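Here is a guided walk through a protein structure, taken one region at a time. Keep the 3D view open and turn it as you read.

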Amino acid sequence: ATQSTIDPSIAPLHPPFDPKHPQPESETLEAVIARLGLQQHVEGGYFVETDRDSLRVPNPFTVNDRESESESERDGGTRSASTTIFYLLTAKSPLGAFHRNRGRTVHTLHKGRGRYVLIHADEVASASCPGGYCGDESGGLPEEEKRWTGKARIESFVVGHDILKGERLQWIVEGGKYKSSFLLPDEQGGEDSEGLLISETVVPGFEFEDHDFMRWERMQALVTKEQAVEMKWMLRK
Ligand code: GUN
């Protein structure tokens with residue numbers, strides 16, 4: 001195919017830096033990773049938490065997708081008011097695999113280029129699955145609709161410094177949206193990258209229990225077969 005099934009105005013999504021055949025890290029990037037104190041992220045890429053507000057706020061998220069024993073578990077307890085991280089993609093670790101957070105995330109670009117792909121799973125939430133957060137893999141859809149529904153809206157955009165070409169310096173991802181990102185060359189049409197470095201601030205602050213990875217079964221329940229095939233390489237292995 002010459003057209004993406006998620007956005008007909010672009011070519012099919014493919015990784016310009018292959019996550020399966022990572023390139024060695026440049027000396028400069030090794031030094032940046034060391035200087036910023038970055039660690040490998042389970043999503044891919046590197047990160048460090050640079051701020052965690054000491055203010056605790058009530059957990060605003062409804063806890064309805066698991067067995068909760070105590071009252072305090074049911075009400076979800078509290079969260080840090082906000083957290084901020086640096087996040088870096090490089091030619092050695094060029095993919096941030098599909099996942100979602102309950103919190104809303106403000107992203108700010110520092111360096112480099114990348115492509116984001118969002119799946120608006122929360123827009124197909126049903127009464128049995130408020131906010132799209134469900135215990136089961138089907139996303140709360142009836143049995144006959146579990147495969148290749150094509151129901152979820154998909155959005156993709158480039159983050160980078162070429163404002164006049166439409167590249168974004170800031171982007172917001174609302175809670176409940178699945179998100180993936182991958183490294184693009186620094187120049188459109190080029191081949192090299194010195195890394196994509198951003199900041200992310202999550203409100204309320206990040207907790208692992210508010211985070212989950214997209215799985216193949218869930219992707220099948222959200223998008224068409226063609227879309228799923230095009231995006232399969234962006235799932236966590
Ligand atoms: N720990 C592991 N992953 C993350 C993340 O994405 N954000 C924060 N703040 N901490 C983490």
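The paragraphs below visit the ligand, then the surface, then an unusual peptide bond, and then the salt bridges. Please keep in mind that this is a predicted model.

Let us begin at the ligand. Which residues surround the ligand? They are H41, F47, E49, T83, I85, F206 and F208. By character, this shell divides into 4 nonpolar residues, 2 polar ones and 1 charged one. Two of the residues deserve a close look, since each has a side chain that meets a nitrogen atom of the ligand. For H41, a polar side-chain atom lies 2.9 Å from a ligand nitrogen. For E49, an N or O atom of the side chain is 2.7 Å from a nitrogen atom of the ligand. How much of the ligand does the protein bury? Taken alone, the ligand exposes 270 Å², and the protein buries 88% of that. If you trace the shell back to the strands, β2 (46-52) and β5 (83-89) are the elements that give two or more residues to it.

Now move to the surface. Here I163, L164 and L169 make a nonpolar patch of about 340 Å². To find one of its members, look for L164 in the loop between β9 (154-159) and β10 (170-173). Is L164 buried or exposed? L164 counts as exposed because its relative accessibility is 84%, and the cut-off for that word is over 50%.

The next stop is a detail of the backbone. In general, most peptide bonds are trans. The bond from V203 to P204, however, is cis, with omega near -15°. You will find P204 in the loop between β12 (196-203) and β13 (211-213).

Finally, look for the salt bridges, of which the model has 14. One of them joins R113 and E167, whose closest N and O atoms are 2.9 Å apart. This pair links distant parts of the chain: R113 belongs to strand β8 (residues 113-119), E167 sits in the loop between β9 and β10, and 54 residues separate them. Are these two partners buried or exposed? R113 has a relative accessible area of 8%, so it is buried. E167, at 9% relative accessibility, also counts as buried.

Another salt bridge runs between D122 and K177, with the closest N and O atoms 3.1 Å apart. It too links distant parts of the chain, from the loop between β8 and β9, where D122 lies, to the loop between β10 and β11 (178-184), where K177 lies, 55 residues apart. D122 is partly exposed, with a relative accessible area of 23%, while K177 counts as buried at 10% relative accessibility.

The loop between β9 and β10 comes up again with R168, which forms a salt bridge with E155. Their closest N and O atoms are 3.9 Å apart. E155 is in strand β9, and the two residues are 13 apart along the chain. R168 is partly exposed, with a relative accessible area of 32%, and E155 is partly exposed too, at 23%.

For a last stop, pick out R79, R102, E209 and D210, which are linked in a network of salt bridges.

Key. Residues are numbered from 1 along each chain as its sequence is written. This is a predicted model: local features need pLDDT of at least 70, side-chain atom pairs count only at pLDDT 80 or more; totals for chains, interfaces and linings use all residues. Side-chain values use heavy atoms; hydrogens and water are left out. A residue is near a molecule or strand if one of its heavy atoms lies within 4 Å of it. A polar contact is a pair of N or O atoms within 3.5 Å; within protein, one must be able to donate a hydrogen and the other to accept it, and residues adjacent in sequence count only if both atoms are side-chain atoms. Accessible areas come from the Shrake-Rupley method with a 1.4 Å probe; for residues, only the protein chains shown count as cover. Helices (H or I, at least four residues) and strands (E, at least two) are DSSP runs, numbered from the N terminus. Ala, Val, Leu, Ile, Met, Phe, Trp, Tyr, Cys and Pro count as nonpolar, Asp, Glu, Lys and Arg as charged, and the others, Gly among them, as polar. Patches are made of residues with over 30% relative accessible area and no salt bridge: like charges are joined within 9 Å, nonpolar side chains (Val, Leu, Ile, Met, Phe, Trp, Tyr) within 5 Å. A salt bridge is a side-chain nitrogen of Lys or Arg within 4 Å of a carboxyl oxygen of Asp or Glu. Buried means under 20% relative accessible area, exposed over 50%, partly exposed in between (1.4 Å probe, protein chains only).
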